[in-house]
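Visitor: I should be grateful for a close look at a single part of this model, namely its largest nonpolar core. Please set that part in the context of the chains that build it.

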Amino acid sequence: MRGSGNGLGRVRLQGVGKRFGDYSALEGIDLAVNPGEFFSLLGPSGSGKTTTLRIIAGLEMPEDGAVFLDDAEITRLSPGARDAAMVFQSYALYPHMTVARNIGFPLRMVRTPKAEIDRLVRQAAQRVSIEHLLDRRPGQLSGGQQQRCALARAIVRSPKLFLLDEPLSNLDARLRLQTRTELKQLQRTLGVTAIYVTHDQEEAMTLSDRMAIFMDGRIVQVGTPEEVYGRPASTAVAGFLGSPPMNLIDAVLDGERLEMPGAVLSPPTPIVGFRGPVTIGVRPGDISFVESGFPAVVELAELLGDSMIVDLRLGEVALKARLLQNRHFGEGEPVQIAFDWQRIHFFDPSGARLAVG
Amino acid sequence: MAAMLRRVSGSALLIVFLICWSFPALWGAVTSFKTERDVLDYPPMSPFHPTLYNYRHILAGPTSIVPNLESSAILTVSTTLITLALAIPAAYALGRLRVPAKRPLGFYVLATQMLPPIGLVIPYFLIFSGAGLLNSYSGLIVVYVSFSLPFAIWLLVSYFEEIPREMEEAALIDRATRLKAMWHVVLPQARGGISVTVVFVFLNAWNEFLFAVVLGGRTVRPVTVAMFDFISLEQTQWGRVSAAALIAMAPVMLLGLLAQKHIVKGLTLGAVKGSGRQ
């Protein structure tokens, strides 16, 4: 059951824009997804990621721009003619049909011979381990089984493109982890291009080959999870990724000195390449507690089990630090902290990343 | 204790309503098995010999109502089919598609229900006499459809709106055309709503009297009109009227019983996420 046809599945969006009335939902979306890639659209709710997926699916028509699948333009093509299957957040199973008829629906719609339908339905059900449930109706299945049924319905037709709209968000935490792994394996075996919408950064980081970060109807960064996490393109991306997200501090950079409200830090080696007002970004994990460093005060310490989050005050700046061991902190306790200067991010006042070393 | 009291008083109330509702029907049923002499007997509860005389007379006699039952069936079935054929696509469009001026349209549909029908009898008579539609099936069917259509649309829209949009989008993605998506996915789930609509449209058309008596003339006489043949200046044949009424009630009651399952399911469908008809 490999991808159908020539087995490609390259998706390209060119200057796609979408308005709902006066509200501009998407603007100037350019995107290229490679064949066989697991590509996530990540962003807060209302950022346009689901609209983008629906445009690729053909459920929404963009006002501007064009959508291509392989070399064919599909912007105005009906959803059924696109060779793209979709798994909905609500699964959208047909409640009056058995699981077998649900899975076979995309085949029946194009008049596949019955024997062929039976064979393909069984095969798809086996792939997601629900072959024993074929005679049930969706109402008689658990949430996890319904989700598998929706997956089987999507893979049964061997589509070129696999569209997933937050398919794991209705599962409980444990099942979500398990299904996440299975989903990735399924996509790898089928070799099909997958576009995955999620607001869960952990899901996007673990599943994706590459991802696009959406904010306010625009794509703000595209890259591998490592790139996006390691080199966020803007303060918006930096503040969105990571749990807790990166500390962003307004400061003034002057080579040897970094002035921030209520504190002046001097990096071990002078920072060159920029002078003036900046925003510096420090991941909570890049702050350490040392014998002699910058003096700070503990405001709150939260235990997470294998690690802890410590709220600190450095001068007038509030910071969050992640500590990989458990240690007791009293409220108001003075501590000495250090930054990992190699891993500090600099952004200009507009929020764009600065190449500063 | 309080809960039990509530239950008892609830049941008592139901029983009172049931008696009030069923008394005329039962009285009619008993009367239909009486001879005219027994009907007028006093006291009314005295024992009598049940007879099928009235039924024989109205089914096989010279004033048989069988042709009138046929008329009623033609009018009602045609009205129901035409109404559904028009109401389903209309309701779907109002409930689903981005129709411009959807709200005013919906209100307009409902507003047509606010006119008292009797005010329309004379205009209809004048229009129909001009158009040559008096004393014809097609004329009455037009009237019945025009009355039942707004109501049917209004009823069905709420059912269509309740079906998750995503389910239809899934069908479109699964390579169904809009029509196929409607046929295979939307309509099966609106089955409850469609059953309810059928019952109401059928009931209204079957029981209609006013327009039938004015516009149907001597040629199109449904059973509701024919029943009045047994009431004349000289005499009211209570036994025959009752027997005719009982026979006229039968199809509607039967339909109600058949559709009951669907009506209840139609009302509870969608109450539980992901639940389907078993």
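Guide: What follows is an account of the core, then of the chains and of one further residue.

The model is a predicted one. Its largest nonpolar core holds 143 residues, and those that touch the most other members are A:Ala152, A:Leu163, A:Ile195, B:Ala91, B:Ile153, B:Leu156 and B:Ala244. The element that gives the most to this core is helix 7 of chain B, residues 137-162, with 14 residues. On the side of chain A, both domain 1 (11-234) and domain 2 (239-347) give residues to the core, so the core lies between them. As a general background, nonpolar side chains in soluble globular proteins tend to be buried together.

Helix 7 of chain B deserves attention in its own right. This helix has 26 residues, and the distance from its first C-alpha to its last is 36 Å, close to the 38 Å expected at 1.5 Å a residue. The helix nevertheless bends by about 30° at B:Ser148, and a proline, B:Pro150, follows within four residues. For B:Leu156, if residues up to four places away in sequence are not counted, the residues touched are B:Ala87, B:Ile88, B:Ala91, B:Ala190, B:Gly193 and B:Thr197. One of these, B:Ala91, is also among the core residues that touch the most other members.

Chain B as a whole contains 13 helices and 0 strands. Its C-alpha atoms fill a box of roughly 70 × 70 × 30 Å along the principal axes. Of its 278 residues, 33% count as buried. When contacts in chain B between residues at least 6 apart in sequence are considered, 78% of them join residues at least 24 apart.

Chain A has 8 helices and 19 strands. Its C-alpha trace spans about 75 × 45 × 35 Å along the principal axes, and buried residues make up 39% of its 357 residues. Among contacts in chain A with a separation of 6 or more, residues 24 or more positions apart account for 67%. The C-alpha centres of domain 1 and domain 2 of chain A lie 39 Å apart. Their contact takes 7 residues from domain 1 of chain A and 4 residues from domain 2 of chain A. The side of domain 1 that touches domain 2 has 5 nonpolar, 2 polar and no charged residues.

The two chains also meet directly: 19 residues of chain B are in contact with 21 residues of chain A. On the chain B side, the elements that give two or more residues are helix 8 (165-173) and helix 9 (178-189). Helix 8 of chain B supplies the largest share, 6 residues. By class, this side of chain B divides into 8 nonpolar, 5 polar and 6 charged residues.

A last residue, A:Ala321, gives a local view of chain A. A:Ala321 is found in strand 17 of chain A, residues 317-323. With 25 other C-beta atoms within 10 Å, A:Ala321 is buried, because a residue counts as buried when 20 or more such atoms lie within that distance. Apart from neighbours within four places in sequence, A:Ala321 is in contact with A:Pro284, A:Ile287, A:Val310, A:Leu312 and A:Ile337. The C-alpha atoms of A:Ala321 and A:Gly285 are separated by 6.1 Å, although these residues are 36 apart along the chain.

Notes: Residues are numbered from 1 along each chain as its sequence is written. Chains are lettered from A and ligands numbered from 1 in the order in which they are written. This is a predicted model: local features need pLDDT of at least 70, side-chain atom pairs count only at pLDDT 80 or more; totals for chains, interfaces and linings use all residues. Ala, Val, Leu, Ile, Met, Phe, Trp, Tyr, Cys and Pro count as nonpolar, Asp, Glu, Lys and Arg as charged, and the others, Gly among them, as polar. A residue is buried if 20 or more other C-beta atoms lie within 10 Å of its own, exposed if 12 or fewer, and partly exposed in between; C-beta atoms are placed from the backbone. Domain bounds come from an automatic or database domain assignment. A nonpolar core is a set of buried Ala, Val, Leu, Ile, Met, Phe, Trp, Tyr and Cys residues joined through C-beta atoms within 7 Å. The expected span of a helix is 1.5 Å times one less than its number of residues. The bend at a residue is the angle between axes fitted to the seven residues ending there and the seven starting there.
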